Structures are given as C-alpha cells and as structure tokens.
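This report is a guided reading for someone who meets the chain below for the first time. It begins with one pair of residues and then turns to the fold, the interior and a few single positions.

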Amino acid sequence: MLKDFLAALFRRTPASMRRFLSRFSQPRFTVTAGAVITDDQDRVLLLEHVFRPGSGWGIPGGFIAAAEQPEAALRRELREEVGLELKRLEIAFVRTLRRPQHIEIVFRCCAQGEAQPRSLEVKNAAWFPLHALPETLSEDQRRLINRALADGANSPE
C-alpha cells in the first residue's frame, strides 16, 4: 500500500523533479575504455603514464566523455596519446571497481605502426612480447592483458 502511494506520488511529480530525485538517489561512478592492443608480431602495446601510481606502465585508455561512445573514446585517446589508429577492435570484457566507483570497458584490439608519445600524460610507449612484459607492470595490468587475450582465443577474426 505504501509502495503504491509513493509510486503514484512520484508519477505526479514534475519531470524535472523526478530527474533530480533519480540522479540524487543513484550512485555516481566514472567510466573508462582501455585496450589490450596487439600487433602482427603478437606484441602488446603498453604506455608509461606520468600520472599512474607505481611503475606507470599499463594498457592505453582513458575516460569516456559525456555522450561519447566507448569505441570512439578509445580511438580518440589513442590518437591523442600516441598517434595510433586501430585496425580491429572488440569488447573483451567489462569490470567494475569499488574504489573508486568505476566501470572499465576493456577492448581487445589490433593495430600496426609505431606509437609515439604525443601527450604530456605519456612518458613512453613500447611494444612488448607477452613473455617479456616489464617487471614493474602491476599484477592487475597483467591480469587484464591475460584475460583479454585468453577470452579472444576462440573469437573470430
């Protein structure tokens, strides 16, 4: 009975107030797109970020702007940070992180060409064979790479 009353009250509330109440009552989070990018030699592209805690090495990616599609955001970030265009990409998986409240869309991609740092955010860009990833690469980043590539082992080209 109380639920029906509250629902009826909510429906009679002006649309602008309903939007405000919905936004106020829902959790806030950030969304990023990241990429495990391989080349024709089965090497993985890693970027050494200036602002990344720890070693700085990790997969490329960045925040998705309002009304921007994840694929477009990833392509934009790669052009801005290292001047690289992607040949093929597909979503590998999506994960959520509790702290900070965050959703990360991880793509599996193929690219060719050299990646040269073009942004103040990126100190270095390099292609690494899977068996020779940087020792300082975090365990989280290693798991992301392994998961993205393992999930793609059975996917069509």
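Are Trp57 and Phe128 buried or exposed? In this predicted model, both Trp57 and Phe128 are buried. Their rings form an aromatic pair with an edge-to-face arrangement, in which the centres lie 5.2 Å apart and the planes meet at 85 degrees. The count of aromatic pairs comes to one. Because Trp57 belongs to strand S3 (residues 57-58) and Phe128 to strand S7, the pair ties together parts that are 71 residues apart in sequence.

## The chain as a whole

The chain contains four helices and seven strands, and read along the sequence these elements follow the pattern α-α-β-β-β-β-α-β-β-β-α. With a radius of gyration of 20 Å, well over the 15 Å that the globule rule gives for 157 residues, the chain is more spread out than a compact globule. The C-alpha trace spans about 65 × 35 × 25 Å along its principal axes. Of the contacts in the chain with a separation of 6 or more, 65% are between residues 24 or more positions apart. Buried residues make up 39% of the 157 residues, while the accessible surface comes to about 10,200 Å², with 55% of that area belonging to carbon and sulfur atoms.

## The nonpolar interior

The largest nonpolar core has 21 residues, and those that touch the most other members are Ile37, Leu45, Leu74, Val82, Leu86, Phe107 and Cys109. Two or more residues of this core come from each of strand S1 (30-38), strand S2 (43-49), helix H3 (70-82), strand S5 (86-97), strand S6 (102-111) and strand S7 (122-129). A second, separate core is made of 15 residues, including Ile59, Ala92, Phe93 and Leu137.

Which residues does Leu86 contact, once its neighbours within four places in sequence are left aside? Leu86 is in contact with Ile37, Leu74, Arg75, Leu78, Cys109, Cys110 and Ala111.

## The cysteines

Two of the residues in contact with Leu86 are Cys109 and Cys110, yet the structure holds zero disulfides. Why is Cys109 not bonded to Cys110? The sulfur of Cys109 is 7.7 Å from that of Cys110, the closest cysteine sulfur, and this is too far for a bond, since a disulfide requires the two sulfur atoms to be within 2.5 Å. Cys110, for its part, is in no disulfide either, and the nearest cysteine sulfur to its own is that of Cys109. Cys109 counts as buried at 1% relative accessibility, and Cys110 is likewise buried, with a relative accessible area of 16%.

## Positions with a positive phi

Most residues other than glycine have a negative phi. Asp42, although it is not a glycine, has a positive phi of about 60 degrees, and Ala67, also not a glycine, has a positive phi of about 65 degrees. Asp42 lies in the loop between S1 and S2, whereas Ala67 lies in the loop between strand S4 (61-63) and H3. Asp42 is exposed, with a relative accessible area of 58%, and Ala67 counts as exposed at 84%.

## Two partly exposed positions

Thr30 is placed in strand S1, and Ser16 is placed in helix H2 (residues 15-25). Thr30 counts as partly exposed at 34% relative accessibility, and Ser16 counts as partly exposed at 48%. With neighbours within four places in sequence left aside, Thr30 is in contact with Phe63, Gln101, His102 and Ile103. The table sets out a C-alpha distance that involves each of these two positions.

| Residues | Separation in sequence | C-alpha to C-alpha distance |
|---|---|---|
| Ser16 and Arg75 | 59 residues | 35 Å |
| Thr30 and Pro70 | 40 residues | 12 Å |

Arg75, which appears in the table with Ser16, is also one of the residues in contact with Leu86.

How values were computed: Residues are numbered from 1 along each chain as its sequence is written. This is a predicted model: local features need pLDDT of at least 70, side-chain atom pairs count only at pLDDT 80 or more; totals for chains, interfaces and linings use all residues. Side-chain values use heavy atoms; hydrogens and water are left out. Buried means under 20% relative accessible area, exposed over 50%, partly exposed in between (1.4 Å probe, protein chains only). A nonpolar core is a set of buried Ala, Val, Leu, Ile, Met, Phe, Trp, Tyr and Cys residues joined through side-chain atoms within 4.5 Å. Contact means heavy atoms within 4.5 Å. The radius of gyration is taken over C-alpha atoms; the globule rule is 2.2 Å times the number of residues to the power 0.38. Accessible areas come from the Shrake-Rupley method with a 1.4 Å probe; for residues, only the protein chains shown count as cover. Rings of Phe, Tyr and Trp (its six-membered ring) pair if their centres lie within 6.5 Å; planes under 30 degrees apart count as stacked, over 60 as edge-to-face and the rest as tilted.
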